[in-house]
Amino acid sequence: MVPVRLTGPRLAIREFHHTPGDVDALHAVFGDPEATRYLPFEPRDREDCADQIEQYLEEALQEERTVYRLAVTRHTDAGDPADATPIGTAALTVGGHRSAHLGYALRADTWGNGYAGEITSLLCDFAFGPLGLHRLAARVDVDHDASARVLTRAGFRLEGRVRHDVYLRGAWHDSFQYSLLQDEWPPGRGDNPTPAPAGSRMSGRPLP
């Protein structure tokens, strides 16, 4: 495995470690009902989060890696991102025809700092640069206006409404689907990311 490390002005994105600190950090996101409000699953307990990280590392070891589920850290929390406590997750799920779905989630106490825009920019640079992808897609709950603005500011275009995309908490939820093509993304834009509006948490459905 060649570990992924993406670096922006304030954030770094790296592989998860199967350590108590990273498990606790993931649980601080996936175990919080507010942080998972627009995610396609119920809040998870700490054991489930430990299992998730084990799955992430197994996916990273695949000969032809198609799933990138990564930890988001802040430069101010440690000199080396490997030592920093994650504040969220970022994901790319690669499909056919040089395409992928993008998603992320952030710990509740970090909302409103523009991190969502920086994560999106870093993932776009990674997807359209080293991975050589042509198309990125993201789905957002129709009620999640903040995340829709993150995508729009990053250059994603609304393609349409996906009806009954997710069944959760006893109800069906519609999603808006957005996409961005390689030639619509300026190279190096991740070095100057667009700030995200306050309250943004999740830019795409396909997180685990």
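## Overall layout

A residue is called buried under 20% relative accessible area, exposed over 50%, and partly exposed in between. Keep that scale in mind, because it turns a bare percentage into a label: Arg98, at 46% relative accessibility, counts as partly exposed. The model described here is a predicted one.

Let's start with the chain as a whole. The protein chain contains 4 helices and 8 strands, and along the sequence these follow the pattern β-β-α-α-β-β-β-α-β-α-β-β. Of its 208 residues, 52% count as buried. Taking contacts between residues at least 6 apart in sequence, 70% join residues at least 24 apart.

## Helix H1 and its buried face

Which residues of H1 are buried? They are Asp22, Val23, Ala25, Leu26, Val29 and Phe30. Looking down the axis of H1, you would find these buried residues within an arc of 160°, so they line one face of the helix. The buried residues of H1 pack against E2, H2, strand E4 (88–94) and strand E5 (99–106).

Asp22, a residue of helix H1, deserves a look of its own. With a relative accessibility of 4%, Asp22 counts as buried. The side chain of Asp22 makes a polar contact of 3.0 Å with the side chain of Arg14. Setting aside neighbours within four places in sequence, Asp22 is in contact with Arg14, Phe16, His17, Ile53 and Pro86.

## Aromatic pairs

Next come the rings. A pair of aromatic rings is described by the distance of the centres and the angle of the planes. This structure holds 4 aromatic pairs, and one of them joins Phe16 and Tyr56, with 5.5 Å centre to centre and 45° between the planes, a tilted arrangement. Phe16 lies in the loop between strand E2 (11–15) and helix H1 (20–30), while Tyr56 belongs to helix H2 (residues 46–60), so the pair ties together parts that are 40 residues apart in sequence. Phe16 is buried at 3% relative accessibility, and Tyr56 is buried with a relative accessible area of 3%.

Phe30 and Phe41 form another aromatic pair, this one edge-to-face, with 5.0 Å centre to centre and 75° between the planes. Phe30 sits in helix H1 and Phe41 in the loop between H1 and H2, 11 residues apart, and the pair links these distant parts of the chain. Both Phe30 and Phe41 are buried. The ring of Phe41 has a further partner in Arg44, whose charged end sits over that ring, 3.9 Å from its centre.

## Arg65, a buried arginine

Arg65 is placed in the loop between H2 and strand E3 (67–74). Is Arg65 buried or exposed? The relative accessible area of Arg65 is 14%, and because buried means under 20%, Arg65 counts as buried.

What does the side chain of Arg65 meet? One partner is the side chain of Glu15, reached through a polar contact of 2.8 Å. A polar atom of the Arg65 side chain also lies 3.0 Å from the backbone oxygen of Val67. Not counting residues up to four places away in sequence, Arg65 touches Met1, Val2, Val4, Glu15, Glu59, Ala60 and Leu70.

## Helix H3

Helix H3 (residues 115–128) has 14 residues, and at 1.5 Å a residue these should span 20 Å. The end C-alpha atoms of H3 are 20 Å apart, which agrees with that expectation.

How many of the residues of H3 are buried? The count is 14 of the 14, so H3 is largely enclosed by the rest of the structure.

## The loop between E4 and E5

Two residues in the loop between E4 and E5 are worth finding in your viewer: His97 and Arg98. His97 has a positive phi of about 60° although it is not a glycine. Arg98 also has a positive phi, near 55°, in a residue other than glycine.

Where do these two fall on the scale given at the start? His97 is exposed, with a relative accessible area of 80%. Arg98, at 46%, counts as partly exposed, because that label covers values between 20% and 50%.

Definitions and conventions. Residues numbered from 1 in each chain as written. Heavy atoms only, no water. Phe/Tyr/Trp six-rings, centres within 6.5 Å; stacked < 30°, edge-to-face > 60°. Buried < 20%, exposed > 50% of the residue type's maximum accessible area, 1.4 Å probe, protein only. Lys NZ or Arg CZ within 6 Å of the ring centre and 35° of its normal. Polar contact = N/O pair within 3.5 Å; in protein donor to acceptor, adjacent residues only side chain to side chain. Contact = heavy atoms within 4.5 Å. Expected span 1.5 Å × (residues − 1). Arc of directions from axis to C-beta.
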